[in-house]
Structure formats: structure tokens, C-alpha cells
Amino acid sequence: MGTIPRVNDAIERIATWAGQAKTGVAFTGAGISTESGIPDFRGPNGFWKRNDASKFTIQNYVQDPEHRKERWRQAVEGQSFMRTDVQPNAGHVALARLEQLGSIRGVITQNVDGLHQEAGSVNVLELHGTAKKIGCLSCGERWPVPVILERVQAGEDDPQCTYCGGILKSATISFGQQLPTDVVEEAQRWSVEADFFLVVGSSLVVSPANAFPGVAKRMGANLAIVNREPTDLDGMFDEVVLADAGPTLTALIERVERVRT
Ligand code: NAD
């Protein structure tokens with residue numbers, strides 16, 4: 001059997017699960033946003049190929065003003081996740097439609113780019129925070145990204161909180177920071193209750209996020225993954241589609257539309 005018929009068979013089977021699902025869940029990683037022009041972390045053009053991962057800790061951010069200045073400089077140059085020039089792609093749109101159709105209750109995402117919400121997804125659990133906001137590490141006040149980047153462009157190379165003087169940082173979770181407990185608990189509940197669980201664009205190496213597909217599987221969900229490359233966890237999936245997210249999810253949604261509408 002050739003590769004294309006095999007992929008079509010897999011999409012057909014996933015569409016059947018999506019068509020019947022009552023408590024489905026999508027789980028996404030950086031791979032769903034590469035078609036919008038945002039590099040993933042571990043792919044050939046990945047972020048960690050150009051940046052030293054060991055420096056991206058919360059401790060280093062708090063202790064080293066030079067590191068913060070470098071991060072703000074990168075942000076105004078559009079070299080960070082605080083970008084405003086990217087749009088959702090067909091994959092994001094298809095997942096928003098799956099939610100509208102009732103095939104999934106929402107998306108658990110490791111991404112920080114906000115593109116699921118921009119595509120129309122309503123229920124989005126952001127495990128690693130959001131790069132759409134900048135927050136104060138002391139008092140918790142938050143601002144939209146452009147408000148703070150304007151201050152950087154106007155000459156503040158390490159802007160401080162206007163209320164308490166605290167350190168400002170993208171509202172993403174850095175190494176060494178705790179994941180938001182309420183979001184993790186809700187993601188756990190969705191995974192336990194899932195009858196269909198669809199992973200898209202994740203290498204499934206980042207813990208604890210990568211535990212959710214296993215939870216869903218143990219509780220009896222039909223488990224599928226759409227990813228460009230194999231992952232170490234592929235063996236536990238009921239269907240593995242090695243392909244790009246946008247075209248695959250577009251083909252999936254065409255089939256689910258026929259069943260659900
Ligand atoms: P990862 O970089 O470890 O893995 C991405 C996976 O997606 C790879 O296996 C790759 O083969 C696959 N992929 C790339 N393009 C694809 C496409 N078009 N279609 C299908 N698959 C594709 O990413 P991860 O598992 O999400 O973990 C990395 C961490 O990186 C996450 O914690 C996340 O917070 C952060 N991150 C977020 C963004 C974002 O918000 N867009 C971007 C990079 C990294």
C-alpha cells in the first residue's frame with residue numbers, strides 16, 4: 001500500500017472518531033504554527049539552533065540585566081515570540097472549526113503565540129503562558145505587548161513596572177517557572193474525560209505537558225497524532241499521520257463537516 005492511500009485511510013479513521021466524539025480534545029505544539037512562519041524549537045530551523053537554551057531560565061532573567069536587555073532588543077526586532085506580524089494558518093482554522101462542530105471541547109496548547117484564539121478557538125488552555133502579554137514579576141500587572149515595546153523603542157532598554165518598579169517579562173513560562181496550576185488541572189480533567197484526543201505538531205519531549213496524551217489513552221480515548229516527524233511516543237497512538245498540519249487538518253475537517261452538519 002502506498003503512502004498517500006495510507007494517509008487517507010488514517011485521516012478517514014480519525015474523522016470517524018471526531019465525528020462521534022463528545023468530549024474530544026486537541027493538544028498542540030510549536031509544529032502547528034510553523035506554517036504561519038514561527039519556527040519550532042527542535043526542528044531544522046528551531047529556536048534552540050540559534051539560542052542557548054541554558055540561558056532561558058527565570059533565574060537568569062531576574063539576575064542578569066544584560067540578558068533582559070538582549071531579550072527586549074530581540075523583541076523590538078521581531079526576533080522573539082512577542083511578534084505581532086503573524087496570522088493563524090489552515091491548521092489553526094481547522095481546529096477552531098472542530099470546536100464549533102463539537103468534535104473537541106477545546107485545545108490544550110504548549111504554544112504561546114495566541115494563534116488558536118485568533119483563528120476562532122474559544123476554549124484554549126495555554127500551558128506555557130502567552131507571549132501576547134507582558135507582566136510584572138512582582139505585582140502581576142499585565143500590559144499588551146505593543147505598550148511596552150513602544151517604551152523600549154523610545155529608549156528604555158530594561159523597562160520597569162510603572163506601578164511597583166518590578167521587572168517586566170513576557171507572560172510566558174520560562175525554565176524554572178511553575179506552570180499555572182489551574183490550567184494544568186483543567187488540562188488533566190479534559191484528558192481524563194476525553195473520548196478522542198488529537199495531538200498536532202509536538203515532539204512530545206517537554207514535560208509535564210507530554211503526559212496528557214498518555215492520560216487520555218489510559219482512560220480509553222481514541223488517540224491520534226499529526227506530526228511532520230516521528231516522536232518517541234508514537235507507539236501508544238491508534239493513528240500516526242506523518243505529515244504537515246495545515247493540509248492534513250483541512251482534509252480532516254472536510255470529512256468531519258460531512259458527518260456533523
Ligand atoms: P517542538 O519544537 O519540540 O516540536 C515541534 C514538532 O512539530 C516537531 O516534531 C516537528 O517535526 C513538528 N512540526 C513542525 N512543523 C510542522 C507542521 N507544519 N506540521 C506538523 N508537524 C510539524 O515543539 P513542542 O513539542 O511544542 O515543544 C516545544 C516548546 O516550545 C513548547 O513548550 C512551546 O511552549 C514552545 N514553543 C512555542 C512556539 C509557539 O508558540 N509558536 C514556538 C516554538 C516553541
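# Briefing: ligand site, cores and local backbone features

Leu 204 is placed in the loop between strand 7 and helix 9. The model under discussion is predicted. Its ligand is surrounded by 28 residues, and its largest nonpolar core also has 28 residues. The points below take up the loop after strand 7, the ligand shell, the nonpolar cores and two arginine residues, Arg 83 and Arg 68.

**Loop between strand 7 and helix 9**

- Leu 204 is not a glycine, yet its phi is positive, at about 55°.
- Most residues other than glycine have a negative phi, and most peptide bonds are trans.
- Leu 204 has a relative accessibility of 5% and therefore counts as buried, the cut-off for that class being under 20%.
- Pro 208 also belongs to the loop that runs between strand 7 and helix 9 (212-218).
- The peptide bond leading from Ser 207 into Pro 208 is cis, and its omega is near 5°.

**Ligand shell**

- Among the 28 residues around the ligand, the closest are Gln 110, Asp 113, His 128, Ser 203 and Glu 229.
- Sorted by class, this shell consists of 10 nonpolar, 11 polar and 7 charged residues.
- Two ligand nitrogen contacts can be listed: a polar side-chain atom of Asp 113 lies 2.7 Å from a nitrogen atom of the ligand, and a backbone N or O atom of Arg 228 lies 3.0 Å from a nitrogen atom of the ligand.
- The side chain of Ser 202 has an N or O atom 2.7 Å from an oxygen atom of the ligand.
- On its own, the ligand has 850 Å² of accessible area, of which the protein covers 97%.

**Nonpolar cores**

- Within the largest nonpolar core, the residues that touch the most other members are Ile 14, Leu 98, Phe 196, Leu 198, Leu 249 and Leu 252.
- At least two residues of this core come from each of helix 1 (3-20), helix 5 (90-101), strand 7 (196-200), strand 8 (222-227) and helix 10 (245-260).
- The greatest contribution is that of helix 1, which supplies 7 residues.
- Leaving aside residues up to four places away in sequence, Leu 98 touches Ala 18, Ser 103, Ile 104, Leu 198, Leu 252, Ile 253 and Val 256.
- A second core, separate from the largest one, has 19 residues, including Val 25, Leu 127, Ala 187 and Trp 190.

**Arg 83**

- Arg 83 is located in the loop between helix 4 (65-76) and helix 5.
- Its relative accessibility is 23%, so Arg 83 counts as partly exposed.
- The side chains of Arg 83 and Asp 85 are joined by a polar contact of 3.0 Å.
- Apart from residues up to four places away in sequence, Arg 83 touches Gly 37, Ile 38, Pro 39, Gly 78 and Lys 132.
- Between Arg 83 and Asp 40 the separation is 43 residues in sequence and 14 Å in space, C-alpha to C-alpha.

**Arg 68**

- Arg 68 is part of helix 4.
- With a relative accessibility of 7%, Arg 68 counts as buried.
- A polar atom of the Arg 68 side chain lies 2.9 Å from the backbone oxygen of Val 62.
- Not counting residues up to four places away in sequence, Arg 68 touches Tyr 61, Val 62, Gln 63, Asp 158 and Ile 167.

Definitions and conventions:
Residues numbered from 1 in each chain as written. Predicted model: local features only at pLDDT ≥ 70, side-chain atom pairs only at ≥ 80, totals over all residues. Heavy atoms only, no water. Near = heavy atom within 4 Å. Polar contact = N/O pair within 3.5 Å; in protein donor to acceptor, adjacent residues only side chain to side chain. Areas by Shrake-Rupley, 256 points an atom, 1.4 Å probe, with all protein chains shown as cover. Nonpolar A, V, L, I, M, F, W, Y, C, P; charged D, E, K, R; others polar. Core = buried A, V, L, I, M, F, W, Y, C linked by side-chain atoms within 4.5 Å. Buried < 20%, exposed > 50% of the residue type's maximum accessible area, 1.4 Å probe, protein only. Helix = DSSP H or I, 4+ residues; strand = E, 2+ residues; numbered from the N terminus. Contact = heavy atoms within 4.5 Å.
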